[in-house]
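Please look through the structure below, taking the bound molecules before the interior of the protein.

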Amino acid sequence: MNTYLEIKSVHAREILDSRGNPTVEADIIVLNGNDGQFYLGTAAVPSGASTGRFEAVELRDGEPRYFGLGVQHAVKNVNEKIAPALAGENALDQFRLDRLLIELDGTENKENLGANATLSVSLACARAAANALSMPLYRYVGGAGAHLLPVPMMNILNGGKHAANTVDFQEFMIMPVRADSFGGALRICAEVYHNLKKILQDRGLSTGVGDEGGFAPDLPDAESVLELLVEAVHAAGYIPGDDVRIAMDAAASELYNEKTGMYHFPGESSLKGQEVIRSTEEMISYFEKLSRNYPIISLEDALAEEDWDGWQKLTERLAGKIQLVGDDLFVTNKKRLAAGIKLGTANSILVKVNQIGTLTEAFEAVELAHKNHYTAVMSHRSGETEDTTIADLAVAWNTAQIKTGAPCRSDRVAKYNRLLRIEEELGKAAEYPGLLAFHVQ
Ligand code: PGA
Ligand code: ZN
C-alpha cells in the first residue's frame, strides 16, 4: 500500500532567535492514510549576521517593531499563500513540495515569499513525514545508509561581526580528528574550551562570549588567537596537529572594501595603532604563513565573495594542504558551486539551509559537491533557535563535518546533544570519520 501523508494544515508564527530577533517557525499537520492518525512537524529558521550578498532573501518587515526585523509578512506568506497551495499534497513528496514552493515564489532568490517562509515549511514538512512514519529525521531523509557522525568544527573564539572585540577574523575553531566516537570528540572540544577559559582568565582577558558561544577577548591579531588555541589544546592534555586541528572562518567579505579593493583589519589596526590593510596577494601569503606555523586543516571564506580570481590563486596555492570552504562564495547554491567547480575554486562548500530556502536545494548542493570531490560542511547560522534539524541532516547526507558553535549556549549545544542521541541510537552502526572527513590530510 502506498503511504499518503495528506497535508491538513500549514501554520507559521513569529518566534525569537538566539540574538533576540524575530524568525519564522512553521507547524505542519499531516494525516497518515494508513493509520488514520494526525502527525505534527515543526521547524524554525535560523538567521545570519555576516550574510552573503548572493543568499536567498530573508524577508523582513522593515516596520518600526523589532527595529524593522519583524517577520510578520513572511508568516503571512506561509499562512495565506503557501498553506492553500500545499493543502492536500503528500508530505512524502519532498522534492515536489519544494518545487511547488519555488514556483509559487517565482523568483531566483525567493524575494516574493521570503526564503525564511519557504524554509520553515520545507523543513516542517520533512519533520511531519518522519514523525508520521515513526522514523528519526536523519533516517527518513538519509535512508538506510545514514550512519556517519560529523566531526565538529567548533568555534571557540569569536570575532568579526559576531562579537564586539578586536579580533577581525570571525571564527577560530577546533576539530577533534583523532577521537573514536562523536561523544569522545565532543568531550575533547569541551575540555579544550574550558582550558581556554582558564588561560584567558589567568591573563586577565575577557571570558564573555560572542554570538556563537565562543570567547570574545580583545587580541591583536590572528597569530595571538592561534597561539592561545594551541596552548588550550596542550593544557587539556591533547596534541595540537595530531588529536586536534584548527579551522578558521575569515568571513573576508566583511573585511573587503570595494573602493580600495583591499582587505581592511579594523581591530588589528586599533590595537597596533596603525592602519592594517592587505591585498588579495598579501591575504593569500598571510594564510600560507599561518597554515605553515599552526595546525590549520580548514579555512573558510579566506577571500571575498566576488574575488573569484583571488579564490583561484588561493586554491592553486593551498588546496593540496588544507580544506578551502566557500560560504559567502557559494551560498549553498548549486549554480554558484557549479561555477566554482568549473573554475577550480575552493574544495569544500558550507551548507546553510536558509541560504537557499528549501531542503531539496540544500541537498542538491551537497550532492553536487560530493560528486565533484568537494567536501560539504553542514552549518548553523550565528542567529539560531532550539531547532536541531541540521544535526540530523549532517548524518542523513553523510557530510562528515558540522559547524555549530561552541559547547556553550543551548542554541548551539542542542545540536551537539542531538548528535549524541543519534550516536547512541545508531549503536554499532555509528561511525566517526576523524581525518577521513577530509580530502586533505
Ligand atoms: P553567519 O555566520 O551566520 O552570521 O553568516 C556564520 C558563517 O559565516 O559561517
Ligand atoms: Zn562563514
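Around ligand 1 there are 15 residues, of which Ala49, His162, Arg381, Ser382 and Lys403 come nearest, and it should be kept in mind that these positions belong to a predicted model. Several side chains place polar atoms beside oxygen atoms of ligand 1: for glutamine 170 the distance is 2.8 Å, for aspartate 327 it is 3.1 Å, and for lysine 352 it is 3.2 Å. On its own, ligand 1 has 280 Å² of accessible area, and the protein covers 100% of that area.

Aspartate 327, which has a polar side-chain atom 3.1 Å from an oxygen atom of ligand 1, is also one of the protein donors of the zinc ion (ligand 2), together with Asp249 and Glu300, and these donors lie 2.0 to 2.2 Å from the ion. Along the sequence, the donor residues follow the spacing D-x50-E-x26-D. Distant parts of the chain are linked in this way, since aspartate 249 sits in strand β7 (residues 244–249) and glutamate 300 in strand β11 (residues 296–300), 51 residues apart. Both aspartate 249 and glutamate 300 are buried.

Turning to the interior, in soluble globular proteins nonpolar side chains tend to be buried together. Here the largest nonpolar core contains 142 residues, and the members that touch the most others are Phe169, Phe172 and Phe287. Helix α3 (residues 115–132) supplies the largest share of this core, with 11 residues. Setting aside its neighbours within four places in sequence, phenylalanine 172 is in contact with residues including Met154, Ile156, Leu157, Val167, Leu226 and Met248, and also with Asn155.

Definitions and conventions. Residues are numbered from 1 along each chain as its sequence is written. Chains are lettered from A and ligands numbered from 1 in the order in which they are written. This is a predicted model: local features need pLDDT of at least 70, side-chain atom pairs count only at pLDDT 80 or more; totals for chains, interfaces and linings use all residues. Side-chain values use heavy atoms; hydrogens and water are left out. A nonpolar core is a set of buried Ala, Val, Leu, Ile, Met, Phe, Trp, Tyr and Cys residues joined through side-chain atoms within 4.5 Å. Buried means under 20% relative accessible area, exposed over 50%, partly exposed in between (1.4 Å probe, protein chains only). Helices (H or I, at least four residues) and strands (E, at least two) are DSSP runs, numbered from the N terminus. Contact means heavy atoms within 4.5 Å. Donors are N, O and S atoms within 2.8 Å of the metal (3.2 Å for Na, K and Ca); water is not among the atoms, so sites may look incomplete. A residue is near a molecule or strand if one of its heavy atoms lies within 4 Å of it. A polar contact is a pair of N or O atoms within 3.5 Å; within protein, one must be able to donate a hydrogen and the other to accept it, and residues adjacent in sequence count only if both atoms are side-chain atoms. Accessible areas come from the Shrake-Rupley method with a 1.4 Å probe; for residues, only the protein chains shown count as cover.
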